[in-house]
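Student: I am new to this structure and should like to be guided through it. May we begin by looking at it together?

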Amino acid sequence: MKKIILSLLLVSTLGIMSFESYTKKTRVLIDLGHGGEDFGGKINDHLEKDIVAKIGTKIEQLNTNSEIEIHFTRTEDKQLSLTSRVELIKNLHPDLVISLHTNANQDTTKSGIECFISKNENHVSEKSLQLAQNLLTEFENKMSLRSLGVHKAPFLILNKSEVPTMLVELGYLSNKNDATYLTSEEGQEMIAKTLLNYLSKI
Ligand SMILES: [Zn+2]
């Protein structure tokens, strides 16, 4: 009897192991905008390149979901050309690319989060649009951010990518309310948590 139980256990363990090896992880590439000499936008002492890097660090620290494998285009403060970012996407071939940025406008009342996807129609256009819409809904629900919608743009990183890709402008540094969540540690942590929550559902 013991032998039977043992072999049954063995069979079920092997079964689980082989099932696990077929479970595909979601591989995500987070592109941290700007870097090095190119600091992007700025409000007081807060630079866009640092804001997105801090959010990236939080995402890495807070990700406890073993089903989500997160990669970054840069892990240090260095300038990275758009073509090398495109090259990184090509080499990794992730399930999703999210490029993180912050916006700014002369009109300081302008606020909210928006997404950009490629202007080109290709085999991932539909998926990119759907993923971008879902991301905005997640931020509307979890952080009560104003969604400014999904737009199409001829950005190189979007046009050259062959996997679902979106560029997210997380908010306006020029707007007082947006700047508060973009530059505070609590706000950056909320953004990271909201992104991780969103990724667990894609
Ligand atoms: Zn930017």
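**The zinc site and the sheet**

Student: What spacing do the donors of the zinc ion follow along the chain?

Tutor: The model before us is predicted. Read along the chain, the donors of the zinc ion have the spacing H-x13-E-x52-H.

Student: Which protein atoms are the donors of the zinc ion, and how far from it do they lie?

Tutor: Two histidines and a glutamate take part: His34 through NE2, Glu48 through OE and His101 through ND1. His34 belongs to the loop between E1 and strand E2 (42–43), while His101 belongs to strand E5, so that the pair links distant parts of the chain, 67 residues apart. The distance of these donors from the zinc ion is 2.1 Å.

Student: Are His34 and His101 buried or exposed?

Tutor: The term buried applies to a relative accessible area under 20%. By that criterion, both His34 and His101 are buried.

Student: Which strands stand at the edges of the sheet, and why is one side of each left without a neighbour?

Tutor: The open sheet has six strands in the order E4-E1-E5-E8-E6-E7, with mixed pairing. Each edge strand has a single partner strand, so one of its sides lacks a neighbour in the sheet. The edge strands are E4 (68–72) and E7 (147–153).

Student: In E8, which residue is the bridge partner of Ile98?

Tutor: Strands E5 (residues 96–103) and E8 (residues 165–172) pair in the parallel sense over six bridges. In E8, the bridge partner of Ile98 is Met166.

Student: Which strands does helix H4 touch?

Tutor: Helix H4 (residues 125–143) packs on the sheet, and its direction makes about 175 degrees with that of E6. The strands touched by H4 are E5, E6 (113–118), E7 and E8.

Notes
Residues numbered from 1 in each chain as written. Predicted model: local features only at pLDDT ≥ 70, side-chain atom pairs only at ≥ 80, totals over all residues. Heavy atoms only, no water. Pairing = 2+ DSSP bridges. Helix = DSSP H or I, 4+ residues; strand = E, 2+ residues; numbered from the N terminus. Contact = heavy atoms within 4.5 Å. Axes fitted to C-alpha atoms, helices over the stretch in contact; angles between N-to-C directions. Donors = N, O, S within 2.8 Å, 3.2 Å for Na, K, Ca; no water. Buried < 20%, exposed > 50% of the residue type's maximum accessible area, 1.4 Å probe, protein only.
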